[in-house]
Amino acid sequence: MEAVLIDQFVVPEGAVEEFLRHVHFSANIVKTRPGFVEGYVLQRVSGDGHVNVVTTAVWASQAAMEDARKSIAAEFARIAFNPPEIMQRLGVRIERGIYHRAPY
């Protein structure tokens with residue numbers, strides 16, 4: 001069964017452009033990992049000075065996602081790319097969930 005990682009971000013409007021640059025940078029690494037199926041970035045203005053950004057990454061299985069998580073963390077460390085630090089600096093909040101996808 002496919003596993004889907006869904007991250008929901010609340011981004012201050014003034015930080016959206018920089019934040020999305022980092023999202024796309026990391027996505028270009030994520031999508032090269034074995035077992036990656038597809039991913040999307042969605043956004044909407046929330047009207048309170050923030051933009052809601054949702055990212056999805058679909059994996060062929062939970063095991064593929066776990067293996068990818070390890071190799072992605074190693075790659076991020078190797079290139080000194082630190083998403084938690086970036087989010088803190090930009091004032092971004094995150095909620096993360098792992099879901100299992102099946103057709104209706």
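# Reading the sheet, helix 1 and the core

In this predicted model, 4 strands form an open sheet in the order 2-3-1-4, with antiparallel pairing.

User: Why is one side of strand 2 and of strand 4 left without a neighbour in the sheet?

Analyst: Strand 2 and strand 4 (93–101) each have a single partner strand, so both stand at the edges. On average, neighbouring strands of this sheet are turned by 15 degrees against each other, direction ignored.

User: What makes strand 1 and strand 3 a pair?

Analyst: Pairing needs at least two bridges. Strand 1 and strand 3 share 10 bridges, in the antiparallel sense. They therefore count as paired. One position to look at is Pro12, which stands opposite His50 in strand 3.

User: How do you know that strand 2 pairs with strand 3?

Analyst: The test is again at least two bridges. Here 9 bridges join the strands, which run antiparallel. So strand 2 and strand 3 pair. Glu38 stands opposite Val58 in strand 3. Gly39 stands opposite Ala57 in strand 3.

User: What lies between strand 2 and strand 3 in their hairpin?

Analyst: There are 4 residues between them. Gly47 in the turn has a positive phi of about 90 degrees.

User: What makes strand 3 "mostly covered"?

Analyst: Buried means under 20% relative accessible area. In strand 3, 8 of its 10 residues are buried.

User: How do you know that the length of helix 1 agrees with what is expected?

Analyst: Helix 1 covers residues 16–30, which is 15 residues. At 1.5 Å a residue, the helix should span 21 Å. Its end C-alpha atoms are 20 Å apart, so the two values agree.

User: Which residues of helix 1 are buried, and what do they pack against?

Analyst: The buried ones are Val16, Phe19, Leu20, Val23, Ser26, Ile29 and Val30. They pack against strand 1 (2–12), strand 2 (36–45), strand 3 (50–59), helix 2 (62–78) and helix 3 (83–90).

User: Why is Ser26 called buried?

Analyst: The cut-off for buried is under 20%. Ser26 has 17% relative accessibility, so it counts as buried. Ser26 lies in helix 1. Setting aside residues up to four places away in sequence, Ser26 touches Phe76 and Phe81.

User: What makes the pair of Ser26 and Val23 a polar contact?

Analyst: The limit is 3.5 Å. The backbone oxygen of Val23 lies 2.9 Å from a polar atom of the Ser26 side chain. That distance is within the limit.

User: Why is Met1 called exposed?

Analyst: Exposed means over 50%. Met1 has 68% relative accessibility, so it counts as exposed. Met1 lies in the segment before strand 1. It touches Ala60, Ser61, Gln62, His100 and Arg101, not counting residues up to four places away in sequence.

User: How many residues apart are Met1 and Ser26 in sequence, and how far apart in space?

Analyst: Met1 and Ser26 are 25 residues apart in sequence and 24 Å apart in space, C-alpha to C-alpha.

User: Which residues touch the most other members of the largest nonpolar core?

Analyst: They are Phe9, Val11, Phe19, Val53, Trp59 and Val92, out of 24 residues in this core. Strand 1, helix 1, strand 3, helix 2 and helix 3 each give two or more residues to this core. The largest share, 6 residues, comes from helix 1.

User: What does Phe9 touch?

Analyst: Its contacts include Phe19, Val53, Met87 and Val92, not counting residues up to four places away in sequence.

Conventions:
Residues numbered from 1 in each chain as written. Predicted model: local features only at pLDDT ≥ 70, side-chain atom pairs only at ≥ 80, totals over all residues. Heavy atoms only, no water. Expected span 1.5 Å × (residues − 1). Buried < 20%, exposed > 50% of the residue type's maximum accessible area, 1.4 Å probe, protein only. Contact = heavy atoms within 4.5 Å. Polar contact = N/O pair within 3.5 Å; in protein donor to acceptor, adjacent residues only side chain to side chain. Core = buried A, V, L, I, M, F, W, Y, C linked by side-chain atoms within 4.5 Å. Axes fitted to C-alpha atoms, helices over the stretch in contact; angles between N-to-C directions.
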